[in-house]
Amino acid sequence: MDEALIKPTKVRCSVKIASPWRWDYEYEDYVEQEPDVTAVGTLVEVKDPRQLRAREFRADMVHGPDSTNEDVVMTDLAPALEATLNGTDAILLVAGVQDGPQAELMDGAEGLAAATVWQLAQELQDRQANHRSNGAVGYSYHMRMQCFQLTGDSILDLLTDSPEAARLVDSPQGVIAEGVRTASATSPDEFMRYVEGAQRRMDPDMRQSSSTFYIVEVTQADYYEGWGLYGKFCLVETACMDVLSEDSGLVAVREGFDRYRGVYHMRKLCKNWKPD
């Protein structure tokens with residue numbers, strides 16, 4: 001799974017605004033805080049507390065503080081998964097700031113990671129059942145996944161309890177992740193157990209300075225009809241955003257973040273990511 005070429009045909013920008021309420025551990029109650037991100041329609045304003053000013057940019061979709069993970073799944077994740085099932089590589093980048101709400105979007109049974117794996121595995125299983133019910137016994141599929149956490153120049157394999165073999169390696173093609181386990185299964189429930197285990201192994205103390213990858217490969221074929229489809233989906237969570245770019249008004253990558261070897265691996269995954 002090293003030769004990942006991510007080639008979407010369209011780039012969209014969606015924004016999820018966090019709830020203004022946060023849990024106060026001292027008083028054991030929810031307290032309201034001033035939002036850092038506000039929106040009117042698709043015009044998004046992001047405050048930069050260090051510069052004591054705000055910047056604005058346009059988004060394709062804004063999910064308000066009362067929106068649910070299901071809203072994000074239906075709007076942003078579902079089209080990317082459909083493309084993957086139809087043989088097109090796709091990527092969904094969940095980018096945010098330190099102490100941002102990325103974990104609320106990604107984790108748990110309703111998070112994007114679980115939704116990704118479940119929907120892909122369930123759809124493939126349904127397709128096989130439909131083909132067989134129609135007498136097309138030549139259809140088959142194979143789905144496999146990798147999951148790892150990149151922190152600076154180090155890599156943590158989230159699919160095994162013994163991840164010391166995983167490492168970043170320089171190659172003529174760029175930086176690659178070597179020794180990362182590839183898991184496969186035959187049912188959605190089995191894949192969900194992999195996701196649950198990966199989220200348990202994640203280092204929470206490093207989450208705000210790392211990137212987490214869920215890479216899923218899907219192969220479909222009908223040997224009697226003579227066709228095949230291959231698609232790769234990459235779900236990336238990163239807290240690499242820091243401030244807004246002075247010249248464009250967009251959220252900027254944290255200074256120095258792009259100098260980590262782990263980011264060069266991310267670039268390799270997305271090296272053919274060229275919007276139309």
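The legends below describe close-up views of a predicted model.

**View 1. Overall content of the chain.** The chain has 276 residues, of which 42% count as buried. Its secondary structure consists of five helices and 17 strands. Taking contacts between residues at least 6 apart in sequence, 64% join residues at least 24 apart. The chain exposes about 15,100 Å², and carbon and sulfur atoms supply 48% of this area.

**View 2. The largest nonpolar core.** This core has 36 residues. The residues with the most contacts inside the core are L77, L112, M143, M145, Y214, F233 and L235. Helices α1 (69-85), α2 (102-106), α3 and α4 (188-201) each give two or more residues to the core. Strands β8 (90-95), β9, β14 (211-222) and β15 likewise give two or more residues each. The largest share comes from α3, which supplies seven residues.

**View 3. The second nonpolar core.** Separate from the core of 36 residues is a second core of twelve residues. Among its members are L150, A166, V180 and V236.

**View 4. The aromatic pair Y139 and W227.** The structure holds three aromatic pairs, and one of them is formed by Y139 and W227. The pair is tilted, with 6.1 Å centre to centre and 40° between the planes. Y139 lies in strand β9 and W227 in strand β15 (residues 227-238), so the pair ties together parts that are 88 residues apart in sequence. Are the two residues buried or exposed? Y139 counts as buried because its relative accessibility is 3%, under the 20% cut-off. W227 counts as partly exposed because its relative accessibility is 30%, which falls between the cut-offs of 20% and 50%. The strands of both residues, β9 and β15, are also among the elements that give two or more residues to the largest core.

**View 5. A nonpolar patch on the surface.** The patch is formed by V137, Y223 and Y224. Together these residues have about 440 Å² of accessible area. V137 lies in the loop between α3 (112-133) and β9 (139-151). Because its relative accessibility is 54%, over the 50% cut-off, V137 counts as exposed. The elements on either side of this loop, α3 and β9, both give two or more residues to the largest nonpolar core.

Notes:
Residues numbered from 1 in each chain as written. Predicted model: local features only at pLDDT ≥ 70, side-chain atom pairs only at ≥ 80, totals over all residues. Heavy atoms only, no water. Helix = DSSP H or I, 4+ residues; strand = E, 2+ residues; numbered from the N terminus. Buried < 20%, exposed > 50% of the residue type's maximum accessible area, 1.4 Å probe, protein only. Contact = heavy atoms within 4.5 Å. Areas by Shrake-Rupley, 256 points an atom, 1.4 Å probe, with all protein chains shown as cover. Patch = residues over 30% accessible without salt bridge, like charges linked within 9 Å, V, L, I, M, F, W, Y side chains within 5 Å. Salt bridge = Lys/Arg side-chain N within 4 Å of Asp/Glu carboxyl O. Phe/Tyr/Trp six-rings, centres within 6.5 Å; stacked < 30°, edge-to-face > 60°. Core = buried A, V, L, I, M, F, W, Y, C linked by side-chain atoms within 4.5 Å.
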